[in-house]
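Subject: Structure handover

Hello,

Please find the structure below, with the sequence alongside. My notes on what was found in it follow.

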Amino acid sequence: MFKAVLVDRDYGSVSLRNQEYLKSEYAKKNIELRLEHFTKEEELIENCKDAEALLCTGNPIISKKVIESLPKLKLVQRFGIGVNSIDLEAATRNRVTVLNMPGFCVKELATHAAALILSLLRNITYYDRKIRKFNWPKAKYYKPEDLSNLTVGLYGFGGSARELYKIIHNGFGSKFIVHDPYIDNSITGDYDIELVSFDELLKRSDILSINAPLTDETRGVFNKDAFSKMKNTAMIINIARGELINEEDLIEALENGEIRFAGLDVFQTEPLPKESKLRKMDNVVLTCHSGFYGVESEKNQIRLAKELVERAFLKNEIPTKYVANKDVIGLTDYKYIEGGI
């Protein structure tokens, strides 16, 4: 029987009902799945010695030490897109294939970003807060701009950014500028966008949406210097990873009027600390890392987790689309095939 361990059962991005469903489905295919919750490297190492696969619903630290201490490990399966908590180089050196789920929730992320934009632009959350406190600030606070007259800047132009473009450009006619040094220029003909430098993105965006992965290059890129270059009427939206923004610098920029609004689904520390000043700011809308959440994305998530693990164990094959550490291809006994599932 193949051995797999889901290592962060209580993270919250995959329901216990769905975890139990996967456990029962795997069992039909001779795959034993244990549902556990570990918070430390030592716990992972101590309890996963027999694991051939680790399943991660969130971002537990799958470090070099963890990978090198689990002699039977062949797969790490993320129930999401980001793999910043996994040491990909160590995984490759130890012939461990890291799988993620690119594209499984791009529509949900884009819709969430659009909701944050519209909530801030139309003062929706501000009015809701005030009415619940028995106030009636009719036609007060910031006077809403016409979205069709605003320039939307995208930091990154992957799947969620392209879906957001469709919603806002096609729905409201806003102008779009994009900074993405890794973009395939051949796709730009399909979109009415202008590619710009990072500085231009900062200076020209009325609304700036972060749609990029967390890497050494992007970590903390939105900092004091970046905020100083933005319009004092600008809005920043983050549905990507909290660590792309220096949160202290963001708070200072909001307090000093360097930018006007922030819509945040992700944070440097999650849950957001109780003492965070962001909690008390009327010009900030906060959601709890739930941009991925939806009926269709959940179906995609569970289907991929089931099919990828089963295909790897039972057919010894893996679709390359879902391999996060591409350098591992050719180093293992798996057959890596083109296309998705």
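Helix 1 and its neighbours

Helix 1 (residues 16-28) lies across strand 1, strand 2 and strand 3, and runs at about 160° to strand 2. Please keep in mind that this is a predicted model.

Strands 1, 2 and 3 belong to an open sheet of 5 strands, in the order 2-1-3-4-5, and the pairing in this sheet is parallel. Strand 2 (31-35) and strand 5 (97-99) are the edge strands, each pairing on one side only. From one strand to the next, the twist averages 20°. Within this sheet, 3 bridges pair strand 1 (residues 2-6) with strand 3 (residues 53-56) in the parallel sense. Ala4 has Ala53 in strand 3 as its bridge partner.

In general, the strands of a sheet pair through backbone hydrogen bonds, in either a parallel or an antiparallel arrangement.

Strand 9 and its partners

Further along the chain, strand 9 (residues 207-210) is covered on both faces. Ile207 and Ser209 lie on one side, Leu208 and Ile210 on the other, and all of them are buried.

Strand 9 is joined to strand 6 (residues 151-155) by 4 bridges, and the two run parallel. Here Tyr155 stands opposite Ile210 of strand 9. Strand 9 is also joined to strand 10 (residues 235-238), again by 4 bridges and in parallel. In that pairing, Ile207 has Met235 of strand 10 as its bridge partner. Between strand 9 and strand 10 the chain crosses through helix 9 (residues 224-229), and this β-α-β crossover is right-handed.

Regards

Notes:
Residues numbered from 1 in each chain as written. Predicted model: local features only at pLDDT ≥ 70, side-chain atom pairs only at ≥ 80, totals over all residues. Heavy atoms only, no water. Buried < 20%, exposed > 50% of the residue type's maximum accessible area, 1.4 Å probe, protein only. Pairing = 2+ DSSP bridges. Right-handed = clockwise from strand over helix to strand, strands pointing away. Axes fitted to C-alpha atoms, helices over the stretch in contact; angles between N-to-C directions. Contact = heavy atoms within 4.5 Å.
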